Amino acid sequence: QVQLVESGGGLVQAGGSLRLSCAASGRFFSNYGVGWFRQAPGKDREFVAAIAWSGGVIRYADSVKGRFTISRDNAENTVYLQMNSLKPEDTAVYYCAADFRTDVKLRSPYWGQGTQVTVSS
């Protein structure tokens with residue numbers, strides 16, 4: 001099992017940048033697929049980015065391609081989401097997720113508590 005704690009959210013102007021971090025506790029972190037999802041007020045939770053447990057495959061939602069970068073540091077048990085060129089529509093609570101030896105999805109069992117990202121226009 002893993003426990004996930006996000007940090008790095010905040011208020012930023014459009015065009016700015018933020019870096020989210022997700023610290024994982026537990027063993028064998030490298031065996032977990034990890035990723036980021038977000039949920040805006042009144043909307044369903046949606047996929048943002050993911051990186052495979054093997055580290056070889058990275059996926060992005062079309063809405064963030066070219067602006068967001070996901071990475072992981074298995075030695076530090078941490079996943080990052082670098083967000084550049086932020087837009088007001090990126091405003092949401094961002095959640096980190098993990099799943100054992102598979103890609104993350106909405107049904108993945110491990111989730112953080114979320115961190116708020118607000119982008120002002």
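**Exercise 1. Serine 21**

In which strand is the place of serine 21? Decide also whether serine 21 is buried or exposed, and list what serine 21 touches beyond its sequence neighbours.

Solution. The model is a predicted one.
- Step 1: Find residue 21 along the chain; serine 21 lies in strand S3.
- Step 2: Take the relative accessibility of serine 21, which is 18%. Buried means under 20%, so serine 21 counts as buried.
- Step 3: Leave out residues up to four places away in sequence; serine 21 then touches Val5, Glu6, Ser7, Trp36, Thr78, Val79 and Tyr80.

**Exercise 2. A sheet of four strands**

State the order of the four strands in the open sheet that contains S3, and name the edge strands.

Solution.
- Step 1: Follow the pairing from strand to strand. The order is S1-S3-S8-S7, and the pairing is antiparallel.
- Step 2: Look for strands that pair on one side only. These are strand S1 (3-7) and S7, the edge strands.
- Step 3: Compare the directions of neighbouring strands. On average they are turned by 15 degrees against each other, with direction ignored.
- Step 4: Examine one pair in detail. S1 and S3 run antiparallel and are joined by five bridges. In this region, glutamate 6 stands opposite cysteine 22 in S3.
- Step 5: Recall what holds such pairs together. Strands of a sheet pair through backbone hydrogen bonds, and the pairing can be parallel or antiparallel.

**Exercise 3. The disulfide**

Which cysteine does cysteine 22 join in a disulfide? Describe the link.

Solution.
- Step 1: Count the disulfides; there is one.
- Step 2: Identify the partners. Cysteine 22 is joined to cysteine 96, with an S to S distance of 2.1 Å.
- Step 3: Place both residues. Cysteine 22 is in strand S3 and cysteine 96 in strand S9, 74 residues apart, and the pair links distant parts of the chain.
- Step 4: Read the angle about the S-S bond, -80 degrees; the link of cysteine 22 and cysteine 96 is left-handed.
- Step 5: Check accessibility: cysteine 22 and cysteine 96 are both buried.

**Exercise 4. The nonpolar core**

Which residues of the largest nonpolar core touch the most other members? Name the elements that give two or more residues to this core.

Solution.
- Step 1: The largest nonpolar core has 30 residues, and those touching the most other members are Leu4, Trp36, Val48, Phe68, Leu81, Met83 and Tyr94.
- Step 2: The elements giving two or more residues to this core are strands S3 (18-25), S4 (32-39), S5 (46-51), S7 (68-73), S8 (78-83), S9 (92-100) and S11 (115-120).
- Step 3: Take leucine 81 as a case. Apart from residues up to four places away in sequence, leucine 81 touches Leu18, Arg19, Leu20, Trp36, Val48, Ala49, Phe68, Thr69, Ile70 and Tyr94.

**Exercise 5. Salt bridges**

How many salt bridges does the structure hold? Describe three of them, and say which residues form a network.

Solution.
- Step 1: The count is five salt bridges.
- Step 2: Arginine 38 pairs with glutamate 46, their closest N and O atoms lying 2.7 Å apart. Arginine 38 is buried because its relative accessible area is 6%, whereas glutamate 46, at 36%, is partly exposed.
- Step 3: Aspartate 90 pairs with arginine 67, the closest N and O atoms being 2.7 Å apart. Aspartate 90 is in the loop between S8 and S9, while arginine 67 is in the loop between strand S6 (58-60) and S7, 23 residues apart. Both aspartate 90 and arginine 67 are buried.
- Step 4: Aspartate 62 pairs with lysine 65, with 3.2 Å between the closest N and O atoms. Exposed means over 50%, so aspartate 62, at 64%, counts as exposed.
- Step 5: A network of salt bridges links Arg38, Glu46, Arg67 and Asp90.

**Exercise 6. Two alanines**

Is alanine 92 buried or exposed? Carry out a similar analysis for alanine 14.

Solution.
- Step 1: Alanine 92 is in strand S9. Its relative accessible area is 2%, so alanine 92 is buried.
- Step 2: Alanine 92 and alanine 40 are 52 residues apart along the chain, yet their C-alpha atoms are separated by 4.2 Å.
- Step 3: Among the residues that alanine 92 touches are Arg38, Ala40 and Val117.
- Step 4: Alanine 14 is in the loop between strand S2 (10-13) and S3. With a relative accessible area of 41%, alanine 14 is partly exposed.
- Step 5: Alanine 14 and valine 2 are 12 residues apart in sequence, and their C-alpha atoms are 34 Å apart in space.
- Step 6: The contacts of alanine 14 include Leu86, Pro88 and Val119.

Notes. Residues numbered from 1 in each chain as written. Predicted model: local features only at pLDDT ≥ 70, side-chain atom pairs only at ≥ 80, totals over all residues. Heavy atoms only, no water. Core = buried A, V, L, I, M, F, W, Y, C linked by side-chain atoms within 4.5 Å. Buried < 20%, exposed > 50% of the residue type's maximum accessible area, 1.4 Å probe, protein only. Contact = heavy atoms within 4.5 Å. Pairing = 2+ DSSP bridges. Axes fitted to C-alpha atoms, helices over the stretch in contact; angles between N-to-C directions. Salt bridge = Lys/Arg side-chain N within 4 Å of Asp/Glu carboxyl O. Disulfide = S-S within 2.5 Å.
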